[in-house]
Every structure is written in C-alpha cells, then in structure tokens.
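Reader: I've got this one open on my screen and I'd like a close look at a single part. Could you walk me through the side-chain contacts, slowly, as if I'd just started?

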Amino acid sequence: MTEIEQLRRNTEKAYNAALRAMFDLVNAITEERNYYRELCNKKEG
C-alpha cells in the first residue's frame with residue numbers, strides 16, 4: 001500500500017468518525033430538548 005492510499009484511508013476513517021460524532025451530538029441535543037419540552041408540558045398541564 002502506498003503512502004497516498006494510507007493517507008486516503010486514514011482521512012476516510014477520520015471523516016466517518018467525525019460524522020458519527022456529529023450525529024450523536026445532534027441526537028443528544030434532540031433528546032435533551034424533548035425531555036425539557038415534556039417537563040414544561042407537565043408543569044403547564
């Protein structure tokens with residue numbers, strides 16, 4: 001395997017890891033938002 005191929009693979013792995021982390025972060029924010037929304041709805045209701 002050439003150095004360029006190795007670099008491409010490492011870049012691809014880093015990109016995929018960053019993408020997964022971004023989706024995890026969005027999911028965590030969405031869950032937290034939904035939790036607080038439910039909490040506010042219970043207070044009002």
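Author: Here is a walk along the helix, with its side-chain contacts taken one by one.

Keep in mind that this is a predicted model. The backdrop is simple: the protein has one helix and zero strands. Helix α1 covers residues 3-44, and the whole protein has 45 residues. Across its principal axes, the C-alpha trace spans about 65 × 10 × 5 Å. And how much of the protein counts as buried? That comes to 0% of the residues.

Okay, on to the contacts. Let's begin with the charged side chains. There are 8 positive and 8 negative ones, and the centres of those two sets lie 2 Å apart. How many salt bridges does the structure hold? Just one. The partners are Arg-8 and Glu-12, whose side chains meet at 3.2 Å, N to O. Now look at where they sit: Arg-8 and Glu-12 are four residues apart in helix α1, so about one helical turn separates them. Neither partner is tucked away, by the way. Glu-12 has a relative accessible area of 44%, so this residue is partly exposed. Arg-8 is at 46%, and that makes it partly exposed too.

Next, slide along to Met-22, Phe-23 and Val-26. Together they make a nonpolar patch on the surface, with an area of about 290 Å². Val-26 is a handy one to click on: its place is in helix α1, and it is partly exposed at 44% relative accessible area. To join such a patch, a residue needs over 30% relative accessible area, so Val-26 with its 44% gets past that cut-off. For the protein as a whole, the accessible surface is about 4500 Å², and carbon and sulfur atoms account for 57% of that.

Last stop: the rings. The structure holds one aromatic pair. Tyr-35 and Tyr-36 form that pair, with ring centres 5.2 Å apart and an angle of 70 degrees between the planes. Those two numbers are the ones to look for, because a pair of aromatic rings is described by the distance of the centres and the angle of the planes. Is the Tyr-35 and Tyr-36 pair stacked or edge-to-face? Planes over 60 degrees apart count as edge-to-face, so at 70 degrees this pair is edge-to-face. As for accessibility, Tyr-35 comes out at 48% and counts as partly exposed, while Tyr-36, at 45%, is also partly exposed.

Definitions and conventions: Residues are numbered from 1 along each chain as its sequence is written. This is a predicted model: local features need pLDDT of at least 70, side-chain atom pairs count only at pLDDT 80 or more; totals for chains, interfaces and linings use all residues. Side-chain values use heavy atoms; hydrogens and water are left out. Patches are made of residues with over 30% relative accessible area and no salt bridge: like charges are joined within 9 Å, nonpolar side chains (Val, Leu, Ile, Met, Phe, Trp, Tyr) within 5 Å. Accessible areas come from the Shrake-Rupley method with a 1.4 Å probe; for residues, only the protein chains shown count as cover. A salt bridge is a side-chain nitrogen of Lys or Arg within 4 Å of a carboxyl oxygen of Asp or Glu. Helices (H or I, at least four residues) and strands (E, at least two) are DSSP runs, numbered from the N terminus. Buried means under 20% relative accessible area, exposed over 50%, partly exposed in between (1.4 Å probe, protein chains only). Rings of Phe, Tyr and Trp (its six-membered ring) pair if their centres lie within 6.5 Å; planes under 30 degrees apart count as stacked, over 60 as edge-to-face and the rest as tilted. Lys and Arg count as positive and Asp and Glu as negative; His and the chain ends are not counted. The place of a charge is taken as NZ of Lys, CZ of Arg, CG of Asp or CD of Glu.
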